[in-house]
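Thank you all for making time this morning. I would like to take you through one model, and I will begin at a detail of the backbone before turning to the overall arrangement.

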Amino acid sequence: MRLHLTGPTEKELRAHIKITGSKSESNRSLLLAALYKGITIENTSNSDDAKVMAQGLKKTSGTVDIHHAGTAMRFLTGYFSGQEGRNVILTGSKRMTERPIKILVDALRELGADISYEKEEGYPPIKIKGKALIKDRVSLPANVSSQYISSLLLLAPSLKSGLELELVGKITSVPYIKMTLGLLDELGIPNSFEGNLIKVSPKASVSPTTLVVESDWSSASYYYSIVAMAAIGSEITLSAYKKDSLQGDSVLAELYTHFGVETSFGEHTISLKKVTEPKENTVTFDLANAPDIAQTIAVTTFGLGMGCHLTGLHTLKIKETDRLEALFTELSKFGADISVTDKSLTIIPSKGIKEEVAIDTYNDHRMAMAFAPLAMKTPLFVNDAGVVSKSYPDFWEDLKELQFKVMEL
Ligand SMILES: O=C(O)C1=C[C@@H](OP(=O)(O)O)[C@@H](O)[C@H](O)C1
Ligand SMILES: C=C(OP(=O)(O)O)C(=O)O
């Protein structure tokens, strides 16, 4: 699907949008509900990634295809490793077969898991013969993806003696690890995270619990970007959110004050209001704890004619696409003065945005959604716009609520 996007003519925006549940919280909750009886989930994400996760968890044999879903790939690897009598092959999209999984497989093998590579060593597809895992201590590198760690932590309470994890090196995407432990807390599963050591106690059963998934903060980022580029006085309300979020991307509320956007918290809502033009010319953010909002922030700064220096982006090269390369290519098309390394991105403030550019999306939902707010400044085309369904299938429909003209070509 190819779209032509035009921003609203009325630049002072007002809208209320209900955003689907966090895919990260959903995929953790779905796994925990498969491990324990008595868990109910509310506001589950309607994303492709949550759908493939739910379907995957039900499989007892054969091939489980999780398409582009990194969390499903990593979390199901841990899950099936401990499922005695279930033998599966876990695979995904072409890109998924390029996203590394060796660190997790090595750690699970250390615990006694039976996993083999179907094709290339270190990458999906993998064959898993589920069995009872007996060891309860393992160490693994923590600087590549936190999803390996979350996978082990989700498996941990179902192991006979629980699990002690030693994290080696600089820990990346820390809030996602804390999100996993936060959900274990909600189920009354004892755990601790001190320094580089995480401990999870075993738990045979949990009390009946309803896990209420908060709406997705990464999805909220696109509205932050839109409000930042809108007229002063514009206000968009999003639901259902809370102040004490498990999601690290809630740091948006603080970061976007640099772009003149203030956040106020209601009972289940956040209201984003453009209160002032940005006071700075260039922002410097370390996004190691919030990698999924890097694309949004890069596009916001360019759209506002500002500069940015974003660091902590070392994980971006192994996501849905090499996001640093993709940002470089697509922002350059608009005339941005941008440079990237393998872990940072810099934009020099510039005047002028090229019109009617067609952006490519590289099978990456966030490329499509991060560039959409730029239509506030100039009309543009989005190629393969259906990619948004990975995390936010209703995105284009919701943009229409803001009076964006979304034309399917
Ligand atoms: O655990 C999670 O739900 C996620 C962890 C992050 O990945 P990395 O830890 O690989 O950075 C993030 O980018 C991804 O979208 C979701
Ligand atoms: C990186 C992402 O997802 P995953 O790693 O789960 O595919 C994302 O949603 O930005």
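**From a loop to the ligands**

Let me start with P125, which sits in the loop that runs between strand β6 (114–117) and strand β7 (126–129). The bond that leads into this residue deserves a look, since P124 and P125 are joined by a cis peptide bond with omega at about 0°. Please keep in mind throughout that this is a predicted model, and that what I describe is computed from it.

There is another cis peptide bond to show you, the one from S239 to A240, where omega is near 0°. A240 belongs to the loop between strand β13 (235–239) and helix α8 (252–255). Why point these out? Because most peptide bonds are trans, just as most residues other than glycine have a negative phi.

That brings me to two residues whose phi is positive. N363, which is not a glycine, has a phi of about 55°, and its place is the loop between strand β20 (357–359) and helix α11 (365–371). D384, likewise not a glycine, has a positive phi of about 50° and is found in the loop between strand β21 (380–382) and helix α12 (395–401). Are these residues buried or exposed? For N363 there are 17 other C-beta atoms within 10 Å, so it counts as partly exposed; D384 has 17 C-beta neighbours inside 10 Å and therefore counts as partly exposed.

Now let us step back to the whole chain, which is divided into domain 1, made of 3–21 + 214–408, and domain 2, which covers 23–212. Taken over C-alpha atoms, the centres of domain 1 and domain 2 are separated by 29 Å. Where the domains meet, 22 residues of domain 1 are in contact with 23 residues of domain 2, and the side of domain 1 that touches domain 2 divides into seven nonpolar, eleven polar and four charged residues.

Next, the interior. The largest nonpolar core has 71 residues, and those with the most contacts inside it are V227, A298 and F371. Helix α7 (residues 217–228) supplies the largest share of this core, with eight residues. If you would like to follow A298 outward, then, leaving aside its neighbours within four places in sequence, it is in contact with C308, L310, L327, L331, L345 and I347. A second, separate core has 58 residues, among them A72, L76, L184 and I198.

I would also like to mention L32, which is found in helix α1 (residues 23–35). L32 counts as buried because it has 24 C-beta neighbours inside 10 Å, and, apart from neighbours within four places in sequence, it is in contact with I39, L154, L183 and L187.

Let me come to the ligands, beginning with ligand 1. The residues around it are S24, T71, S145, S146, Q147, S150, T172, S173, Y176, P291, D292 and T315. By class, that shell has two nonpolar, nine polar and one charged residues. Which helix gives the most to the shell around ligand 1? It is helix α5 (residues 146–155), with three residues. Because domain 1 and domain 2 both give residues to this shell, ligand 1 lies between them.

Around ligand 2 we find H68, A69, G70, T71, D292, K319, E320, R366 and S391, a shell that divides into one nonpolar, four polar and four charged residues. Here again domain 1 and domain 2 both give residues to the shell, so ligand 2 lies between them.

I will finish with D292, a residue you have now heard among those around ligand 1 and among those around ligand 2. UniProt, in an unreviewed entry, places the feature "active site" at D292, and I would treat that as an annotation taken from the record. In the model, D292 lies in the loop between strand β16 (282–286) and helix α9 (294–303). Is this loop residue buried or exposed? With 26 other C-beta atoms within 10 Å, and a threshold for burial of 20 or more, D292 is buried. Leaving aside its neighbours within four places in sequence, D292 is in contact with S218, D249 and R366, and R366 is itself one of the residues around ligand 2.

Terms used
Residues are numbered from 1 along each chain as its sequence is written. Chains are lettered from A and ligands numbered from 1 in the order in which they are written. This is a predicted model: local features need pLDDT of at least 70, side-chain atom pairs count only at pLDDT 80 or more; totals for chains, interfaces and linings use all residues. A residue is near a molecule or strand if its C-beta atom, placed from the backbone, lies within 6 Å of it. Ala, Val, Leu, Ile, Met, Phe, Trp, Tyr, Cys and Pro count as nonpolar, Asp, Glu, Lys and Arg as charged, and the others, Gly among them, as polar. Domain bounds come from an automatic or database domain assignment. Helices (H or I, at least four residues) and strands (E, at least two) are DSSP runs, numbered from the N terminus. A residue is buried if 20 or more other C-beta atoms lie within 10 Å of its own, exposed if 12 or fewer, and partly exposed in between; C-beta atoms are placed from the backbone. UniProt positions are given in the numbering used here, feature names are shortened, and annotations may be inferred rather than shown by experiment. Two residues are in contact if their C-beta atoms, placed from the backbone, lie within 7 Å. A nonpolar core is a set of buried Ala, Val, Leu, Ile, Met, Phe, Trp, Tyr and Cys residues joined through C-beta atoms within 7 Å.
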